[in-house]
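Work through the exercises below with the sequence and the 3D view open. Try each task before you read its solution.

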2 protein chains.
Amino acid sequence: MRFGFLMYPGYEELDLIGPWEIATMWQTYANGPECVTIAETSAEMRCAKGLITRAGLTYADAGTLDYLLVPGGFSAFEEMKNPATLEFVRQCAREGKAVLSVCSGTFILLAAGLLEDVRATTNWKVLARLREAGVEVIEERYVHDGRIWSSGGVSAGIDMTLAFVADQAGPEAAWTVQYQSEYLPDGRLYGSVSTWDGAPAYARRPG
Amino acid sequence: MRFGFLMYPGYEELDLIGPWEIATMWQTYANGPECVTIAETSAEMRCAKGLITRAGLTYADAGTLDYLLVPGGFSAFEEMKNPATLEFVRQCAREGKAVLSVCSGTFILLAAGLLEDVRATTNWKVLARLREAGVEVIEERYVHDGRIWSSGGVSAGIDMTLAFVADQAGPEAAWTVQYQSEYLPDGRLYGSVSTWDGAPAYARRPG
């Protein structure tokens with residue numbers, strides 16, 4: 001089994017590396033799939049906030065993937081016009097078991113034609129934009145609809161990927177990943193959601 | 001103001017990139033310090049789980065830093081023997097306002113001589129080892145003692161860095177970072193802490 005993580009110029013760091021850490025803990029401690037990073041080319045690329053990374057594989061040599069995760073970032077709105085990326089994502093959807101998106105990565109799934117009659121979510125800043133594109137938007141931290149998983153912005157991909165592990169491999173595997181990554185957030189809020197214009201429904205729900 | 005993130009071969013991905021995302025959100029949305037990645041050399045390096053990254057600056061050209069974050073990973077126990085790294089960390093401690101460690105990165109601070117009479121924490125797997133080294137270990141998700149901040153394993157660095165932003169810039173800045181990164185974890189536990197041998201005290205506390 002193989003789990004691919006898509007990189008493109010300007011992807012948001014934590015969108016990819018949060019889920020990557022969860023998935024590689026699954027690989028290491030609970031017999032999860034082999035995790036690989038993939039981009040159109042093997043060139044170095046700069047992330048949204050300046051981190052420098054390079055993918056291990058290209059579209060041409062990625063081979064068959066069981067799962068693909070697509071991160072977001074402001075540059076997702078450019079990347080969603082890249083025919084090579086859209087064809088690669090479509091191929092993964094055809095051949096694999098699940099496609100996951102984080103943040104504005106959902107718009108790449110949209111452009112690839114994967115969101116027809118699929119409920120999904122995205123970063124809170126672009127929920128309206130996704131709705132206007134005709135998608136049934138569900139304002140949860142993450143949404144699972146058939147073979148498509150999508151999450152809110154940036155850090156929400158961590159929660160989604162952990163839920164994905166539980167779905168694919170059972171709660172014991174997810175628990176192993178959770179304590180290996182010490183993912184027991186303190187849950188502290190540093191402000192009031194009432195001061196957050198455009199907060200998604202899940203954040204506005206009493207805790 | 002400048003915030004440095006130390007890279008070395010085999011560092012654990014999320015140890016660095018969780019805090020990096022929080023700090024770069026601080027930079028972008030709340031007038032936080034400029035964030036930079038730093039390593040001994042400008043060579044590409046492979047992380048603990050295989051991610052390929054490269055630091056933007058080397059020890060020689062890092063300049064003065066106000067803050068330094070040191071990630072962990074199994075390779076931290078090798079890196080703590082690297083004199084160039086220890087001297088760089090010491091220099092940052094002398095010239096800067098705070099040094100932060102995540103996970104086994106705390107052992108690099110220890111080797112640099114920064115933990116004398118300082119309470120600290122680390123990854124749950126090596127709490128006893130840190131205690132045996134003479135450090136007063138506090139089993140919290142993160143510990144702040146003077147100019148030294150330390151956290152538990154992997155994902156705990158995110159909570160620490162958010163608390164650090166609140167400490168340095170106030171809760172409004174931390175709240176801005178929190179909603180920009182949509183860091184409102186769902187808090188779900190996939191198993192029982194009673195099945196986690198060696199769980200740190202904070203995890204064993206009733207929620």
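**Exercise 1.** How many bridges join S4(A) to strand S4 of chain B, and do the strands run parallel or antiparallel?

*Solution.* Keep in mind that this is a predicted model. Step one: count the bridges. Three join S4(A) to residues 52–54 of chain B. Step two: read the direction. The two strands run antiparallel. Step three: pick a pair. A:Arg54 has B:Ile52 as its bridge partner in S4(B).

**Exercise 2.** Describe the contact between the chains, then the side of chain A that touches chain B.

*Solution.* Start with the totals: chain A gives 44 residues and chain B gives 43. Next, list the elements of chain A that supply two or more residues: H1 (13–29), S4 (52–54), H6 (156–169) and H7 (171–180). H1(A) has the largest share, with seven residues. Finally, sort this side by class: 20 residues are nonpolar, 14 polar and 10 charged.

**Exercise 3.** Check the length of helix H6 of chain B, then decide how enclosed the helix is.

*Solution.* Length first. H6(B) has 14 residues, 156–169, and at 1.5 Å a residue should span 20 Å. Its end C-alpha atoms lie 20 Å apart, so the two values agree.

Now burial. A residue counts as buried if 20 or more other C-beta atoms lie within 10 Å of its own. In H6(B), 10 of the 14 residues are buried, so the helix is largely enclosed by the rest of the structure. Among them are B:Ile158, B:Leu162 and B:Phe164. The packing partners of the buried residues in chain B are helices H1 and H7 and strands S7, S10 and S11.

Last, look just past the helix. There B:Gly170 has a positive phi of about 95 degrees.

Definitions and conventions:
Residues are numbered from 1 along each chain as its sequence is written. Chains are lettered from A and ligands numbered from 1 in the order in which they are written. This is a predicted model: local features need pLDDT of at least 70, side-chain atom pairs count only at pLDDT 80 or more; totals for chains, interfaces and linings use all residues. Helices (H or I, at least four residues) and strands (E, at least two) are DSSP runs, numbered from the N terminus. The expected span of a helix is 1.5 Å times one less than its number of residues. A residue is buried if 20 or more other C-beta atoms lie within 10 Å of its own, exposed if 12 or fewer, and partly exposed in between; C-beta atoms are placed from the backbone. Two residues are in contact if their C-beta atoms, placed from the backbone, lie within 7 Å. Ala, Val, Leu, Ile, Met, Phe, Trp, Tyr, Cys and Pro count as nonpolar, Asp, Glu, Lys and Arg as charged, and the others, Gly among them, as polar. Two strands pair if DSSP finds at least two bridges between them.
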